[in-house]
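Student: Could we go through this one together, question by question?

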Amino acid sequence: MKKLRSTLRVDNLGKQQRAASAKWGRIVYLTMIAGFCGSLLYYLFGSIFVLSADGIVLAEMRAVDASYTGKIVEVYVQEGDQVEEGAPLLKLESFEMVKEIAELALRDGELAVRESQLRGQLDVVDAITPLALRNAKESTRTVASFDKVSDRGLVSGLSRDSALQSSFAAAQKAAELIAQKASAQDELAQVAKSRETSRQAMEKLKAIFDDGNIRASGSGVIGVKVPAPGRVVQPGDELLQINGENIYILAYLPDEFMFPIREGMPVNLRSGGERATGRIDSVLAVADALPDEFQNLFRPRDRSRLFRVVLTSPNPFAVTQKVTVTGCAFGFCWAS
């Protein structure tokens, strides 16, 4: 006998539809529960087995500081500008530096005048010293001659004493000139040394001041902090930063991660929709506090070990951008 197909009764149609929808509702509900439990377990224990480290993109930074007190009158760069070494960044106006350079120039002028005076004295001493020595020598001979004839009574004692005094005065004058020459030479050497030191100090001060121009100490990209004209700065104040071209990621390894990481290990980097690949360059033997943006109110971590990652693909990230470092789970790494 052929079995007839059962047909739905009109009075039972609603119950059949509700049963089918209830089945799919239970599936969706159980799926949501499973997803929630899985997410909760990953949140609580995922950092133990899966590498997911927070990192920040950094570059070799050069801080441009003020070397003297001054007021910013001009700024030649903006945030993100690419600059080369030696390029002017801003201009300072400093009355103190101008005053110091002027005082050093005045001091150098005074030393130059004194040096000229001493050279003139030496020229005079050199000119009259031979005459003084000759006079002293001849006076000595005269006294010796008087001594020979004084015993015979041919020369009076008064003439002999006068010749002796003249000889003494000539010898004294010659000795004074010799001593004056030695003293002038010593003073001239000291003045020349002081003048050279003053000249070097003035050249260094002029190089530091550079007519108020502050220049880039290396090539790179200008940071986000650029001072405004009119700001007064003191020595040591940071004016701006130059981010170098060597980009790297400093990552914070979760304390509870069970599997070791090693140098050369490939990792994946992501931040939003941007992706890149890299490798662990070094595992640092230091730990540091996580930045505020990495802190978790429900799972606080005071400090974490640091490791450094270098990029092996073109850099899509900006400096100081937050990234996530992944690539391993349960000791097995899939990053290429």
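Tutor: Sure, starting with Asp-210: at 23% relative accessibility it counts as partly exposed, where buried is under 20% relative accessible area, exposed is over 50% and partly exposed is in between (1.4 Å probe, protein chains only). Keep in mind that this is a predicted model, where local features need pLDDT of at least 70, side-chain atom pairs count only at pLDDT 80 or more, and totals for chains, interfaces and linings use all residues. Residues are numbered from 1 along each chain as its sequence is written, and side-chain values use heavy atoms, with hydrogens and water left out.

Student: Which side chain meets Asp-210 in a salt bridge?

Tutor: Side chains of opposite charge can pair when their charged atoms come close. A salt bridge here is a side-chain nitrogen of Lys or Arg within 4 Å of a carboxyl oxygen of Asp or Glu. For Asp-210 the N to O distance is 2.6 Å, and the partner is Arg-215.

Student: Glu-187 and Arg-114 form a salt bridge too, so how many residues apart in sequence are the parts they tie together?

Tutor: Their closest N and O atoms are 2.8 Å apart. Glu-187 lies in helix α3 (residues 157–209) and Arg-114 in helix α2 (residues 95–150); helices are DSSP runs of H or I with at least four residues, strands are E runs of at least two, and both are numbered from the N terminus. The pair therefore ties together parts whose separation in sequence is 73 residues.

Student: Is Val-323 buried or exposed?

Tutor: Val-323 sits in strand β12 (residues 322–329). Among the residues in contact with it (heavy atoms within 4.5 Å), leaving aside neighbours within four places in sequence, are Ile-56, Ile-249 and Phe-317. Its relative accessibility is 2%, so Val-323 counts as buried.

Student: What is the C-alpha to C-alpha distance between Cys-333 and Met-265?

Tutor: Cys-333 is in strand β13 (residues 332–333), and at 37% relative accessibility it counts as partly exposed. Not counting residues up to four places away, it touches Met-265, Gly-327 and Cys-328. Cys-333 and Met-265 are 68 residues apart in sequence, yet their C-alpha to C-alpha distance is 8.5 Å.

Student: How many bridges pair β1 with strand β8?

Tutor: Two strands pair if DSSP finds at least two bridges between them. Strand β1 (residues 50–65) runs antiparallel to β12, joined by 6 bridges. With β8 (residues 238–253), β1 also pairs in the antiparallel sense, and Asp-65 stands opposite Glu-238 there. The number of bridges between β1 and β8 is 11.
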